Amino acid sequence: MTHLSVNVNVAALLRNRRDHAWPDIVGLARTALQAGAFGITVHPRPDQRHIRPSDVWDLRTMLDAEFPDRELNVEGFPTSDFLALAHDVRADQITLVPDDPAQATSDHGWDFTAEKAFLMPITADLKSKGHRVALFADPDATHMKAAAETGADRVELYTGPYGSSYDDPVAQTRALDRLEDAARAAANEGLGINAGHDLTVEGTARLVGRVPSIDEVSIGHALFCDALSHGMAETVRRYLVSCDGQMNPSTRDCS
């Protein structure tokens with residue numbers, strides 16, 4: 001079964017609008033884990049517009065105390081500050097993303113050919129310290145050989161174009177084909193496969209049905225949208241069904 005990691009950035013963004021103590025980031029993460037999520041994902045950005053370093057530490061403390069068998073995935077651009085934080089909190093997985101600090105959200109993968117010399121020593125250092133390293137990647141099969149040459153353990157396939165094609169069956173099929181081809185190429189190069197961005201309940205089920213080799217999906221925005229209607233625990237349970245590649249007609253996107 002494909003693992004589900006719940007991205008809690010959305011909850012932190014909502015909290016920061018008023019700078020109160022709610023929503024409770026740790027409390028929501030705990031509920032997701034109690035409902036069966038395999039891990040928690042955070043993307044601490046330099047401007048701290050959502051997740052803050054203190055949140056990352058609080059989540060690590062909660063995981064250690066209550067869910068030692070679950071994972072913390074810390075993603076972001078590999079600045080010195082980011083790398084120090086991800087290492088110090090003992091992130092189980094560090095996902096490197098080629099983000100500009102001003103970006104609203106991640107919207108493209110690494111150019112592995114051009115950035116290989118940059119990524120190789122960072123990847124080697126993180127792996128030597130015991131972290132699993134994933135690299136954000138466009139769903140392009142021709143990029144996977146260069147991705148593997150960085151020494152990374154996994155790629156996280158960017159599913160944004162697939163997620164945005166929910167109302168266009170032709171575009172959706174084309175996007176799924178690209179993801180399947182990229183996943184096959186990644187596996188042939190010995191890379192594990194993660195996926196994330198704009199994945200919904202139905203979209204996740206279709207994706208995993210086509211690409212059952214996906215190790216992990218990281219989902220935030222649509223999951224929190226559904227949680228407004230169904231609550232966090234029930235929403236996580238719905239996504240877990242999707243992570244098994246099943247399409248349950250009673251669980252529709254953002255309903």
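Which residues in H10 meet which residues in H11? I would like to start there this morning, bearing in mind throughout that what we are looking at is a predicted model. On the H10 side the residues are Ala222, Leu223, Phe224, Asp226, Ala227 and His230, and on the H11 side they meet Met232, Glu234, Thr235, Arg238 and Tyr239. Sorted by class, this contact of H10 with H11 has 6 nonpolar, 2 polar and 3 charged residues.

As for the geometry, two packed helices are described by the angle between their axes and the distance between the axes. Helix H10 covers residues 221-230 and helix H11 covers residues 232-242, and their axes come within 7 Å and cross at roughly 125 degrees. H10 and H11 are therefore oblique to each other, and H10 passes H11 in a right-handed crossing.

Let me set a second helix pair beside that one, namely helix H8, residues 169-188, and helix H9, residues 201-210, whose axes come within 10 Å and cross at roughly 45 degrees. That angle makes H8 oblique to H9, and the crossing of H8 and H9 is right-handed. From H8, the residues Gln172, Leu176, Asp177, Leu179 and Glu180 meet Arg206, Leu207 and Arg210 in H9. By class, the residues of this contact divide into 3 nonpolar, 1 polar and 4 charged.

Leading into H9 there is a loop that begins after strand S7, residues 192-196, and aspartate 198 has its place in that loop. Although aspartate 198 is not a glycine, its phi is positive, at about 60 degrees, and the residue is partly exposed, with a relative accessible area of 40%.

I turn now to the loop between helix H1, residues 9-18, and helix H2, residues 25-34, where aspartate 24 is found. Proline 23 also has its place in the loop between H1 and H2, and the peptide bond that runs from tryptophan 22 to proline 23 is cis, with omega near 0 degrees. Aspartate 19 lies in the loop between H1 and H2 as well, and it is another non-glycine residue with a positive phi, in this case of about 55 degrees.

Is aspartate 19 buried or exposed? At 52% relative accessibility aspartate 19 counts as exposed, because the cut-off for that class is over 50%. Aspartate 24, for its part, has a relative accessible area of 44% and is partly exposed. The side chain of aspartate 24 reaches the backbone nitrogen of glycine 27 at 3.1 Å. Aspartate 24 and alanine 11 are 13 residues apart in sequence, while their C-alpha atoms are 7.8 Å apart in space.

The last site I want to show is histidine 131, which lies in the loop between helix H5, residues 112-128, and strand S5, residues 132-137. With a relative accessibility of 6%, histidine 131 counts as buried, since that class takes values under 20%. Which residues does histidine 131 touch, once those up to four places away in sequence are not counted? They are Ala86, His87, Arg90, Ala91, Asp92, Ile94, Leu126 and Asp153. With one of these neighbours, histidine 87, there is also a polar contact of 2.9 Å that joins the two side chains.

How values were computed
Residues are numbered from 1 along each chain as its sequence is written. This is a predicted model: local features need pLDDT of at least 70, side-chain atom pairs count only at pLDDT 80 or more; totals for chains, interfaces and linings use all residues. Side-chain values use heavy atoms; hydrogens and water are left out. Axes are lines fitted to C-alpha atoms, for helices over the stretch in contact, and angles run from 0 to 180 degrees between N-to-C directions. Helices (H or I, at least four residues) and strands (E, at least two) are DSSP runs, numbered from the N terminus. Angles under 35 degrees count as roughly parallel, over 145 as roughly antiparallel, 65 to 115 as roughly perpendicular and the rest as oblique. A crossing is left-handed if the near helix is turned anticlockwise from the far one by less than a right angle, and right-handed if clockwise. Contact means heavy atoms within 4.5 Å. Ala, Val, Leu, Ile, Met, Phe, Trp, Tyr, Cys and Pro count as nonpolar, Asp, Glu, Lys and Arg as charged, and the others, Gly among them, as polar. Buried means under 20% relative accessible area, exposed over 50%, partly exposed in between (1.4 Å probe, protein chains only). A polar contact is a pair of N or O atoms within 3.5 Å; within protein, one must be able to donate a hydrogen and the other to accept it, and residues adjacent in sequence count only if both atoms are side-chain atoms.
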